[in-house]
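Biologist: I am new to this structure. Please take me through one part of it closely, strand by strand.

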Amino acid sequence: MEQQTSYTFIYDPEYLKQCNLTGLKLKDNTLAEVLHYLDVYAPIDISYNNNTVALRKGKQERVADKGRITGKVVDNKNEPLPGVTIQIEGGQGTVTNVDGTYDLQLEPGTYTLTFSYISYESRKVTEIVVTEKGITPLNVSMKSAGSRLKEVTVTANYKKASVEGLYAIQKNNAAISDGISADVIARTPDKNVGEVLKRVSGLSTMDNKYVVVRGLSERYNQAMLNGQIMPSTELNRKNFNFDIIPANMVENITVIKTLTPDQSAEFGGGLVQVNTAEIPTHDFLNISAGGSINDNTTGKTFNSLKLEGREYWGKAAEHRDFLGTQDWKTKSDMVNQFQKQGSGSAALANNWGLYEMKALPSQNYKLSGGKVFKLANGNRLGILAAVSYRNTLATQDVEMTRNAFGSGRGVNPYADSTRFKGKRYGFTTNLGGLAGIGYQTEKHRISFQTLYLRSLDQQLILGKGQSEEPDAFMLGYYDLTTQTEVWQNQLKGEHVIGKHKFKLSWMGSYLNLDRMRPDNHAMKATVKQVLDDKSGEYNLTTPIINDGAPGGALRTWSRAYEKNYNWQTDLSMPFKKDLSSVHTENTAKIGYAGWAKDRSFFVLNTGSVPTNTETFPPLSQIFDPAGTNVFLSPFNDDFHKTATLHAVYGMLDNRIGEKWRLVWGVRAEYYNLNNVNTVLDSLFKQINSGRPDAQYDYSALKNREPNWNLFPSANLTYSLTQQMNLRLAYAKSIIRPDLRELAFFREYDFELGGEYQSGLVRSTVIDHLDFRYEWYPGPGEIMSLSLFYKDNKYPMEIYKQGDNRVYVLRNNKSAKNYGVEVEIRKSLQFTKVPVIKNITLYGNFTYLDAKVVPMTLEANRFAEDNPLKIAPEEVLLPEEKRPQTGASNYMVNAGVYYDTKPVSLSVVYNYVTNRVFRPSDIYAASLFERPLEALDAQLAFRFLKQKAEVRANVANILNSSTIVYTNNGPDGRPIQGRAPTKKELLYQKETDLVDYMARPGRTYSMTLSYTF
């Protein structure tokens, strides 16, 4: 320092030799910073006088806390490399674990690390800065040395090496995929995974619950939670309800859009992989609390059925019990107990009355922590736990013409004054708990994780309007309550075997799903007068519901209960083989996977008919048990089936030279669908009823579903440069009906606006073809262009039957989807302009064109040459140029992020054009949806040495609404004789008939978090 400055230094050389500062390397620091560091962290005192700096024996004020270098080492196929030796220049070292990860604790300073592994080029990374209590991330990609005998070491500084490592992980995915990480999720006001998914390229959501990927609706997309295939959470559709998973418990979400043999073959649009936090690599404790207000809700009157307090813990109220309990396993048990007790007054509680309160702000909390125990030989034991809670009240303004509202004699259904107008009061509670433990060595990793989710969703739609059936001004009352519990336990492991580095992976998991709708209510009733608007009391007569009830007002109990077992094991075997002068690196993988389901389902529909309504009693008294007759629906909807699927697969991952990579193989799955098809059994009984002694040949019906299916796939990647890829992929997949959809059922469905019935359906088989160009210009940046084509054979949709309010699931003959995806995420760091350099721009755009060929199935037909052979006939209908249910022609996501150390700002936008909500036999009568146009913003401040953070969010800045409508032409009449244009399908306020419209209002929220 004397040579670099004009100062004179006085010190004792012998004493300074005893002052050890491990790993200290200072570069480009001021003299004041260096002297301050020595004064604090070394046992010396420093004084300054007349251009002279004196260093004397003193007391060390504090010990510098260690920092950490963490990361993952992978090969050029993104496979983790276990056992890589990591050596610190002139110091300690470590080796990577079985999953390629490592963690080094070091004194603050600047270091050089060398990564070495047998038959791979060594990597030396210099200028790695470790700060006090800081985490320095460093992912490293290592290349094979091929047939070279001479050892090669590639050297790069930290900045260059970390960027290359990130490129490698982004570029080297075997399949085409998109995703979103926890840090991006944190920039949005999204409360759950259902809201998050619409931010991913090529995805949209329906009702912020169900995902649509590349034009294929929720039934065509598979959900996986921590590697386990999730069952359908819906009671009457093949859907997974993503809004039950809190966003703050998610580590990352990846959407796989092309198939590889080691993945489930049962998806058409995308495989949505949701991963919660795994075993920690360092100790941490984080706590957060937040609240939100809504300009439609907070501080205003909020109506609901009576709240008992249990609702705040995700449990339905006890007044929703049927004969004293909600824990019914079958409809038969309920009917038998009801008949034993008689249809007396004690059967059902009179809980129709409304209770008012002032809506309080919504609230949310999360506590998470992790602890790592370092054991001998570098082994580690980690534990993790997290709990989260959220309670939300939301009021939406609602208008609709469902359930025969908005029409009648002399009534104009397009006039605002005739529609049902009211409010939708939503009360939701979400609880989540996560715990895990894991043990890790250089060659082995075993972990156990348990996840518990519980949610209660109560929606009360209340309002009035002109009705057609009967022709009167009526009150509409719809109570839609769902309680869901999911408990998942999972044990998995990874092991590296022998000198050839074979890798054995295995997983076993158990999931319990319990989803019930306890005592849902639906009715319409003629209103005499409103005595007191503030009390919400109505005087009524003759309550009815047009669909679903055996008479009077409808009350339903339904439950889906499933025990779900998943398992998978595979063995990866790397090998090298040179083809002439071309070096190849290969991995062969073989595996076995499967699942077993035990699912029961029931629906009990009851009708409540009050005996004295001439005096227009108030709502809270009209269903007094002493004067109400209760009737049970005779329709049998009791379902219990078990099913098992077995799959074997083989695949090869070939890295050919420096440019080419081919991942290909085949998956074979065995599943006996006919064995669990209750609708098919019912059809056989119907056919046999006419000639019970005849021996019919049902082979044509049974052969529609072979037990064994083969699913080939191939993914070819060509690396134009280190930053660019071209990808081409082909795959075949299948979409099977859910167990529920193979049941013989009939149920009232408010979202459809009528009665939903079962139909005879078969599996959908899809051929996929994908092309993608991708460029990674910088860390975390991407520019990509994707083209995709999907040929769907026998796709399924829920159709409205003619002009009736009856809906049925059935197959189309075919559907062809053509699409383009564009995604850009680019930092403006290259401008080096203050403020602007901290901005990142993000956007993705999807265009979809599609054609659908509808059909009907005449299943009960006989062959002309054999009167005992059943020959089902497919009746094809005219081709319709439209996407399938839930899909749109255009989807746009955009975002602007501004980041500095203390402050960040993000603005995100989501727009989806009109989409088919429900098709109809009469295309002009189909329902279309214009989803909510979302503009959201967040401002975040970090303080207290980056340990504390405050996030303020605004959601739905545009105050947008969701509209479901029937499309009409410019003259206000249904378009006849031709297909409507894309422009004509857009919502036109003056001509289109509103089926359902909801405006949720703007939400303002704030969350405070602190990491210890």
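Modeller: Start with a pair of strands. S41 and strand S42 run antiparallel, and 5 bridges join them. S42 covers residues 806–811. Within this pair, Glu797 stands opposite Arg810 in S42. Keep in mind that this is a predicted model.

Now widen the view. S41 and S42 belong to an open sheet of 4 strands. The order is S37-S38-S42-S41, and the pairing is mixed. Which strands stand at the edges? They are strand S37 (746–749) and strand S41 (796–800). Each has a single partner strand, so one side of each is left without a neighbour in the sheet. From one strand to the next, the twist averages 30°.

For a second view, turn to another sheet. Here 3 strands form an open sheet, in the order S1-S3-S2. The pairing in this sheet is mixed. Strand S1 (8–10) and strand S2 (44–49) stand at its edges. Each of them has a single partner strand, so one side of each lacks a neighbour in the sheet. Neighbouring strands of this sheet are turned by 20° against each other on average, direction ignored.

Look at one pairing here. S1 pairs with strand S3, residues 52–57, in the parallel sense. There are 3 bridges between S1 and S3. Find Thr8, and you will see Thr52 in S3 opposite.

Back to the starting point: S41 is an edge strand, and its bridges to S42 number 5.

Methods: Residues are numbered from 1 along each chain as its sequence is written. This is a predicted model: local features need pLDDT of at least 70, side-chain atom pairs count only at pLDDT 80 or more; totals for chains, interfaces and linings use all residues. Side-chain values use heavy atoms; hydrogens and water are left out. Two strands pair if DSSP finds at least two bridges between them. Helices (H or I, at least four residues) and strands (E, at least two) are DSSP runs, numbered from the N terminus. Axes are lines fitted to C-alpha atoms, for helices over the stretch in contact, and angles run from 0 to 180 degrees between N-to-C directions.
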